[in-house]
Amino acid sequence: VQGLLSIAFDTAGSRVLVLSGQDNKYTVGSVAINTTRGFASAKTAETRNSSATVSSLLSLTTEIKGAVKQFAYHRASQTYIIADERSVNGSVRTFVQGFASAGAKRFEAEIGGDISNLAVNEAGSLVYVAEASKTAQAKLKAINITNGVVADMAGAPAGATIGSLAEIRMDNVNNRLYVGDSVSDAIFVIDLATAAVTELNHMPIFTGDPTIQN
């Protein structure tokens, strides 16, 4: 895919969504997959150099003004979510926007720069992100996909220290958000039903090499 910027996986739809762009023209395409064989029409020794079929889903021309940072998909509303980082009056800001398949903008939210990956809450119609994610000032944000309203989320549990909220993963089955801190090596768990925040007890796996610290 020429100009590839990011990909997202639509599990229920059995497809990979591909965001690409050049010269301020952005498109979203779809590559079908087979849950048992991998990519649809899996390559053989004879066909491995042929191209996979990419179906066009969305075309944008002027909506993305900064450098694309993250891409996600909210299947329940069929909303394609793109986050780009740009300078506004000398300050680095991130704009998170959602688009329908026909290209109409569904929401736009503005937050701080240096965001983490996007995590999508299917049932709650929310997208989660951490701004200033590589610093101790990292803060979790929840963005409403229906209207773009931004809300602060609960921080780390009492006694825990945030160094860098590098990863966010949504557990849609259990309605929990997992947040990984790459400085303290902590994993925080947010129960979205109760807003309770706990630290996940975990033990590193020993590699067997005494020279490597786990």
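This section walks through the fold, the empty spaces and a few individual residues of a predicted model.

The protein is built without helices: its secondary structure comes to 0 helices and 17 strands. Of its 214 residues, 39% count as buried. Among the contacts with a separation of 6 or more, 37% are accounted for by residues 24 or more positions apart.

We may turn next to the open space. The largest pocket holds about 530 Å³. Its lining is made up of 20 residues, and those closest to the centre are Phe-9, Tyr-73, Leu-118, Val-120 and Asn-172. Several strands take part in this lining, with at least two residues each coming from β1 (4-10), β6 (67-74), β10 (119-121) and β14 (165-171). In terms of residue class, the pocket lining divides into 12 nonpolar, 4 polar and 4 charged residues.

Enclosed space is also present, in the form of 1 cavity of 30 Å³ or more. The volume of the largest cavity is about 60 Å³. Around it stand Leu-140, Ala-154, Gly-155, Ala-156, Ile-162, Leu-165, Val-179, Phe-188, Ile-190 and Val-197. This lining has 9 nonpolar residues and 1 polar residue, and no charged residues. The polar member is Gly-155, because Gly is counted among the polar residues.

The aromatic side chains offer two details worth a look. The structure holds 1 aromatic pair. Its partners are Tyr-73 and Tyr-80, with ring centres 4.9 Å apart and planes at 35° to each other, a tilted arrangement. The pair counts as tilted because stacked planes would have to be under 30 degrees apart and edge-to-face planes over 60. Both Tyr-73 and Tyr-80 are buried. Tyr-73 also belongs to the group of lining residues closest to the centre of the largest pocket. The second detail concerns a charge and a ring: the charged end of Arg-86 sits over the ring of Phe-95, at 3.8 Å from the ring centre.

Strand β14, one of the contributors to the pocket lining, contains Met-170. With a relative accessible area of 17%, Met-170 is buried, because the cut-off for a buried residue is under 20%. Leaving aside residues up to four places away in sequence, Met-170 touches Ala-119, Val-120, Asn-121, Tyr-128, Asn-175, Arg-176, Leu-177 and Leu-192. One of these partners, Val-120, is named among the residues closest to the centre of the largest pocket. Between Met-170 and Val-189, which are 19 residues apart in sequence, the C-alpha to C-alpha distance is 10.0 Å.

Two loop residues stand out for their backbone geometry. Asn-89 is not a glycine, yet its phi is positive, at about 55°. This residue lies in the loop that links β7 (79-88) to β8 (91-99). Its relative accessibility is 83%, so Asn-89 counts as exposed. Asp-185 likewise has a positive phi, of about 60°, without being a glycine. The loop in which Asp-185 is found runs between β15 (176-181) and β16 (186-191). Asp-185 has a relative accessible area of 55% and is therefore exposed.

Key
Residues are numbered from 1 along each chain as its sequence is written. This is a predicted model: local features need pLDDT of at least 70, side-chain atom pairs count only at pLDDT 80 or more; totals for chains, interfaces and linings use all residues. Side-chain values use heavy atoms; hydrogens and water are left out. On a 1 Å grid over the protein atoms alone, a cavity is a set of points where a 1.4 Å probe fits but cannot get out, and a pocket is an open set with protein on both sides within 12 Å along at least five of seven lines; lining residues have an atom within 4 Å of a point. Grid points are joined across faces, edges and corners, and a volume is the space filled by probe spheres set on the points. Rings of Phe, Tyr and Trp (its six-membered ring) pair if their centres lie within 6.5 Å; planes under 30 degrees apart count as stacked, over 60 as edge-to-face and the rest as tilted. Buried means under 20% relative accessible area, exposed over 50%, partly exposed in between (1.4 Å probe, protein chains only). A charge sits over a ring if NZ of Lys or CZ of Arg is within 6 Å of the ring centre and within 35 degrees of the ring normal. Helices (H or I, at least four residues) and strands (E, at least two) are DSSP runs, numbered from the N terminus. Contact means heavy atoms within 4.5 Å.
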